[in-house]
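Work through the exercises below with the sequence and the model open beside you. Try each task before you read its solution.

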Amino acid sequence: DAAVAAAMAVLDQEQRTRTTVRPTALSPREREVLAGIVDGLHDREIAERLSISPRTVQSHVLAILNKLGARSRAEAVAIALRNNLI
């Protein structure tokens, strides 16, 4: 769909070919937060879905970006989709 296409456009061909992430790189909770990001949810919506605080969601997002080597949520989504992390 359009959101996935937009996320994939964030990564140029060089980035996509060199970015490989093991599925175990993310904790189960980080995967849940990432799924919310993929669904286009805001931190508050993810927090409500997972019954955690928006601040905790922000912490998980930072950890996800660091673990995936992503500079943005869109890039994290592209990396996750490319590596079947979700």
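**Exercise 1: a glutamate and its surroundings**

The side chain of Glu 30 makes a polar contact with the side chain of Lys 67, at 2.8 Å, where a polar contact is a pair of N or O atoms within 3.5 Å, of which, within protein, one must be able to donate a hydrogen and the other to accept it, and residues adjacent in sequence count only if both atoms are side-chain atoms. This is a predicted model, in which local features need pLDDT of at least 70 and side-chain atom pairs count only at pLDDT 80 or more, while totals for chains, interfaces and linings use all residues. Residues are numbered from 1 along each chain as its sequence is written, and side-chain values use heavy atoms, with hydrogens and water left out.

Task: Is Glu 30 buried or exposed, and with which residues is Glu 30 in contact, leaving aside its neighbours within four places in sequence?

Solution. Begin by placing Glu 30 in helix H3, helices being DSSP runs (H or I, at least four residues) numbered from the N terminus. Next, take its relative accessible area, which is 6%; because buried means under 20% relative accessible area (1.4 Å probe, protein chains only), Glu 30 counts as buried. Finally, list the residues in contact, that is, with heavy atoms within 4.5 Å: leaving aside neighbours within four places in sequence, these are Ala 25, His 60, Ala 63, Ile 64 and Lys 67.

**Exercise 2: two helices that cross**

Task: At what angle do the axes of H3 and H6 cross, and which residues of the two helices meet?

Solution. First, fit the axes, which are lines through C-alpha atoms, for helices over the stretch in contact, with angles from 0 to 180 degrees between N-to-C directions. The axes of H3 (residues 28–38) and H6 come within 10 Å and cross at roughly 110°. H3 is therefore roughly perpendicular to H6, a label for angles of 65 to 115 degrees. Then look at the side of H3, where Leu 34, Ile 37 and Val 38 meet Arg 73, Ala 76, Val 77 and Ala 80 of H6. In H6 (residues 73–82), the buried residues include Ala 76, Val 77 and Ala 80.

**Exercise 3: far in sequence**

Task: How many residues apart in sequence are Leu 68 and Ala 25?

Solution. Locate Leu 68 in helix H5 (residues 54–68), where Leu 68 is buried at 5% relative accessibility. Leu 68 and Ala 25 are 43 residues apart in sequence, and their C-alpha atoms are 8.0 Å apart in space.

Terms used. Buried < 20%, exposed > 50% of the residue type's maximum accessible area, 1.4 Å probe, protein only. Parallel < 35°, antiparallel > 145°, perpendicular 65-115°, else oblique.
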